[in-house]
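Student: Could you take me through one part of this protein in close detail? I'd like to look at the aromatic side chains and then see how the charged ones compare.

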Amino acid sequence: MGDFVTVGSFQKLPRLATRAFSTTTKQMKNKVPDHQKLFQADNGLPVHIKGGTTDVLLYRLTMTITLAGTGYSLFWILCACQPQGK
């Protein structure tokens, strides 16, 4: 009989939710102005690598996957264009 939910537990829910979100919101720092300064700086770098090493690695990985996929697709298109040997 102890498995049912009481009305009192529903009344505590909004208070718990408000408390959980308000504490994390007050502790978080707004990083948007810092990122705006970083990405708007005129340092000669393209925007896709201004974020540092992680952005450079992600860009290179993305380009590698894109080129490999394009090559793979072209290979199979070329194979499909060849006449069948009987």
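Tutor: Here is a walk through the aromatic cluster, followed by the charged residues. Keep in mind that this is a predicted model.

Let's start with the overall layout. The protein has 3 helices and 0 strands, and its elements run α-α-α from the N terminus on. Buried residues make up just 1% of the 86 residues. The accessible surface is about 8200 Å², and carbon and sulfur atoms account for 67% of that.

Now for the rings. The model has 2 aromatic pairs. One of them joins Y72 and W76, edge-to-face, with 6.2 Å from centre to centre and 80° between the planes. Both of these residues sit in helix α3, which covers residues 53-81, and they are 4 residues apart, or about one turn of the helix. Y72 has a relative accessible area of 56%, so it counts as exposed, because the exposed class begins over 50%. W76 comes in at 47%, so it is partly exposed. W76 also pairs with F75: those ring centres are 5.1 Å apart and the planes meet at 75°, so this pair is edge-to-face too. The cut-off behind that label is an angle over 60 degrees. F75 has 44% relative accessibility, which puts it in the partly exposed class. Put the pairs together and Y72, F75 and W76 form a cluster linked by their rings.

What does the record say about this stretch? UniProt, in an unreviewed entry, places a "transmembrane region" at residues 57-81. In the model, that span is 100% helix and 0% strand, and its end C-alpha atoms lie 36 Å apart.

On to the charged side chains. In general, side chains of opposite charge can pair when their charged atoms come close. Here the count comes to 1 salt bridge. The partners are K29 and D34, whose closest N and O atoms are 3.0 Å apart; the cut-off for such a contact is 4 Å. K29 is exposed at 59% relative accessibility, whereas D34 is partly exposed at 41%.

K50 makes a nice contrast. You'll find K50 in the loop between α2 (32-40) and α3. K50 is buried yet has no salt bridge, and the nearest side chain of opposite charge, D42, is 6.0 Å away. That distance falls outside the 4 Å limit, which is why the two don't count as a salt bridge.

So what is around K50, once its neighbours within four places in sequence are left aside? The contacts are L38, F39, Q40, A41, N43, L45 and D55. Take Q40 from that list as an example. Q40 is found in helix α2 and is exposed, with a relative accessible area of 64%. Q40 and K50 are 10 residues apart along the chain, and their C-alpha atoms are separated by 9.3 Å. That gives you a contact between an exposed residue and a buried one.

To pull the two parts together: the ring cluster consists of Y72, F75 and W76, the salt bridge joins K29 to D34, and K50 is buried with no salt bridge.

Terms used:
Residues are numbered from 1 along each chain as its sequence is written. This is a predicted model: local features need pLDDT of at least 70, side-chain atom pairs count only at pLDDT 80 or more; totals for chains, interfaces and linings use all residues. Side-chain values use heavy atoms; hydrogens and water are left out. Buried means under 20% relative accessible area, exposed over 50%, partly exposed in between (1.4 Å probe, protein chains only). Rings of Phe, Tyr and Trp (its six-membered ring) pair if their centres lie within 6.5 Å; planes under 30 degrees apart count as stacked, over 60 as edge-to-face and the rest as tilted. Helices (H or I, at least four residues) and strands (E, at least two) are DSSP runs, numbered from the N terminus. Lys and Arg count as positive and Asp and Glu as negative; His and the chain ends are not counted. Contact means heavy atoms within 4.5 Å. Accessible areas come from the Shrake-Rupley method with a 1.4 Å probe; for residues, only the protein chains shown count as cover. UniProt positions are given in the numbering used here, feature names are shortened, and annotations may be inferred rather than shown by experiment.
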